[in-house]
Structure formats: structure tokens, C-alpha cells
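Good morning, everyone, and thank you for making the time. I would like to walk you through the empty spaces of one protein, taking them one after another, and then end on two details of its backbone.

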Amino acid sequence: MTITDLESTAQALVASGKGILAADETPGTLTRRLEALKIESTPNSRRAYREMFFTTPGIAEFISGVIMQDETIRQKSSKGTALADLLAQQGIIPGIKVDNGAKLLAGSPGENITEGLDGLRERLKEYHEIGARFAKWRAVIAVSESLPSATCVNVNAHALARYAVLCQEQDVVPIVEPEVLMDGSHAIERCEEVTGQVLHAVFGALFDQKVSLEGMLLKPNMIISGMKCARQASVEEVALATVRCLSRHVPAAVPGIVFLSGGQSHVAATAHLSAINRLDAPKPWKLSFSYGRALQDEALKAWLGKNENLPRAQEVFYHRAKCDSAAALGKYTEEMEGQPAAA
Ligand code: 13P
């Protein structure tokens, strides 16, 4: 694959009205989410959970790609088809999370560094053989009055760039995800300040390490108030601050920006994305979604691990994806929430 193929995959992931399903929770994280609803977590129940999303009728209208986790990409559906093939057969691009998680950063109390660079070239080769055409690496940046430290920002930016250039070497499109957490009581202005610093460092590192901007996607947080902040910014304020921050720090050569939901409610994540796309301002990139919780949570509650709930859970997921697809076009309205979910 040449750079041109990387570019066309990156562009396909942000095709008009389409976005990404982040279904890459580790078995540990997914077990916590399942057990909170009294659903037993086994490799088989986790496979059944993923399969519910991947076999939702008509979902390829709205979903361009799915990020899987190592366990999932090696599993087969109940009918014996590899899950990666099941996606590819519908025109959905299989993706893979390749980081090994955020670990405590020595010397910087309260901060994390994402690990997983050792052996990454070989792992990417194998994932490509299994069918993955894009990957994800998540860096986590905590915010307080004194955090993040410059050390934390710089080491995470460096690791993101090392990951990204290795992906491109192996013909895999890197999704570069520096997540500034919404945990905390900070105001929206502080989120904008920190996100700007982080994006500045990340694009500096990507430039230094010769990452092709045309063959990658950025997965950032939106600019929003900290979860415990007394003043929660309005949808319009979030849209304005997000586009302003991205305009200042993300080169126009990047084909797409796919937001994480980060703990926002599903409706807030949809409304924010739509307002961002509706905003009358120069936006040289496609702006879409790569949601995990905001796409899955309602369907998980409808499913509850029971086969008889599958059709209803799939309707719920279809409806959420339809709303997020409309938001990626700036066309979501609150009235859509009440509309029937069927395809
Ligand atoms: P959330 O949308 O739940 O934040 O998950 C997206 C993701 O991939 C986080 O790494």
C-alpha cells in the first residue's frame, strides 16, 4: 500500500455522514460494564455483545469503521465468520487498538504515560494480516490547576508520533488520540487552554517524526466544562470553543477529526457534534465521531445479555448511530430522539 492508499482509507473513515464505532474496551473494562448490569463476562458473552453491534441490519449506512480490541479481532461470530471479515463484508473497515494502556508516569505524580511501543511493528504486521486497516492509540491527559506537566504532555506526544509513524510504515492508518479528560471542576476555558497545548505538542512531534498528515486521523476531546464545574457551557459555546481550538492547532492537511465522547451523555455528544458541524466558520477537515460509550450504552442496557432482547438492542443502536450520522452532517435535531428506530 502506498501513501495514497493510506489517504483513501483515512478519507473513507470520514466519508460524509459516517463515523467510527469504538468497540475496543479491554476485557477488564468491558467486564466492569457488563457486571454493573449483572451480565456475566466471559470471552463468549463479550463476543455476543460485540456481534450484536456488528450485525445490526443497515448499520454500514452510518458506521465507516470499528475499532476492536485484541480479543475481539481474533474471535469468530456465532456463525463461524471472523468478526473482522464480518465487518469488511459490509464495507465497514476493521480497526484495532494497539496501545497497552495508560500507566503511572514515573516522576510525575497523578499523571500517565501510554505504553505499548515495544514490539509494535510486529503486532501491526499481524493485525494487518488479520484485516485491520487502521489503528488507535490513546494518550490520557489529566487536568487540574497544576496539571498537566510539560513532561506528561511531551512524552505522550512523542509516543503518539512513534506509534503513528510505525502504523504508516505497516500500511495502517493511525488514529492519534490525545484525550484531555473531562474529570474535574475546571472551566471550559481551562479545557481549551490545555487542549491547545497538547495539540501543539502532538503536531510538533508528528512533524518531527515525519508522519504523513494526509494518512492519519485525529481523535480529540471536545472543548467542554469539567464534569464537576459549577458552570456547564452551552452547546453553542462548546461548538465555538472546539472549532476555535482545532483551527489554531490542527493542520488543514489532516483529512478528518473524529471526536471521542469521553463520558458525555449520548444526547450531549450528538448535540455537540451537530452544533460543531453547523457552525459558520472555516473547517478544512471532516468532523465526525468515534464514540465508545455514547454509541453503546443505551444498546447495552436494552440487551442485558439476553438473546430475546437482541432485536430491540439493535434498533436502539441503529437509532443512535443514525442520530450521530445526522450530527456529522450538522443535521441532528432533538425531535429525532423520539422517532422510531427501525431501519
Ligand atoms: P468514549 O467515546 O467512551 O470516550 O470512548 C472512545 C474511545 O475510544 C476512548 O479511547
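Before I give any volume, let me say what I mean by a pocket: on a 1 Å grid over the protein atoms alone, a pocket is an open set of points with protein on both sides within 12 Å along at least five of seven lines. Please keep in mind throughout that what you see is a predicted model.

With that in hand, the largest pocket has a volume of about 520 Å³. It is lined by 25 residues, and those closest to its centre are Arg33, Lys136, Arg138, Glu179 and Arg293. If you look for the elements behind this lining, you will find that helix 2, strand 6, strand 7 and strand 10 each supply at least two residues. Sorted by class, the lining of the largest pocket is made up of 12 charged, 8 polar and 5 nonpolar residues.

Now, what takes up the space of the largest pocket? The answer is the ligand, whose space is this very pocket. There are 13 residues around the ligand, and the ones that come nearest are Lys136, Lys219, Ser261, Gly262 and Arg293. You may notice that Lys136 and Arg293 were also named among the residues closest to the centre of the pocket.

Let us look at the contacts in detail, beginning with lysine 219, where an N or O atom in the side chain is 2.7 Å from an oxygen atom of the ligand. At glycine 262 it is a polar backbone atom that lies 2.7 Å from a ligand oxygen, and at glycine 292 a backbone N or O atom lies 2.8 Å from an oxygen atom of the ligand. Taken alone, the ligand exposes 300 Å², and the protein buries 91% of that. Strand 6 and strand 10 are the elements that give two or more residues to the shell around the ligand, and by class this shell holds 6 charged, 4 polar and 3 nonpolar residues.

Let me move on to the second largest pocket, which holds about 240 Å³ of space. Its lining has 15 residues, of which Arg47, Glu51, Thr55, Ser78 and Leu310 are the closest to its centre. Helix 3 and helix 12 each supply at least two residues here, and helix 3 gives the largest share, with 4 residues. The classes in this lining are 7 polar, 5 nonpolar and 3 charged residues.

A cavity, unlike a pocket, is a space where the probe fits but cannot get out. How many cavities of 30 Å³ or more are there? The count comes to 1, and this cavity has a volume of about 80 Å³. Among the 13 residues that line it, Val180, Met182, Asn221, Met222 and Ile224 are the closest to its centre, and the lining divides into 7 nonpolar, 5 polar and 1 charged.

Finally, the backbone. Most residues other than glycine have a negative phi, and most peptide bonds are trans. Against that background, leucine 147 and proline 148 are joined by a cis peptide bond, with omega at about 5 degrees, and proline 148 lies in the loop between strand 6 and helix 7. Lysine 38, a residue other than glycine, has a positive phi, near 60 degrees, and its place is in the loop between helix 2 and helix 3.

Definitions and conventions. Residues are numbered from 1 along each chain as its sequence is written. This is a predicted model: local features need pLDDT of at least 70, side-chain atom pairs count only at pLDDT 80 or more; totals for chains, interfaces and linings use all residues. Side-chain values use heavy atoms; hydrogens and water are left out. On a 1 Å grid over the protein atoms alone, a cavity is a set of points where a 1.4 Å probe fits but cannot get out, and a pocket is an open set with protein on both sides within 12 Å along at least five of seven lines; lining residues have an atom within 4 Å of a point. Grid points are joined across faces, edges and corners, and a volume is the space filled by probe spheres set on the points. Ala, Val, Leu, Ile, Met, Phe, Trp, Tyr, Cys and Pro count as nonpolar, Asp, Glu, Lys and Arg as charged, and the others, Gly among them, as polar. A residue is near a molecule or strand if one of its heavy atoms lies within 4 Å of it. A polar contact is a pair of N or O atoms within 3.5 Å; within protein, one must be able to donate a hydrogen and the other to accept it, and residues adjacent in sequence count only if both atoms are side-chain atoms. Accessible areas come from the Shrake-Rupley method with a 1.4 Å probe; for residues, only the protein chains shown count as cover. A molecule sits in a cavity or pocket if more than half of its atoms lie within 2 Å of its grid points.
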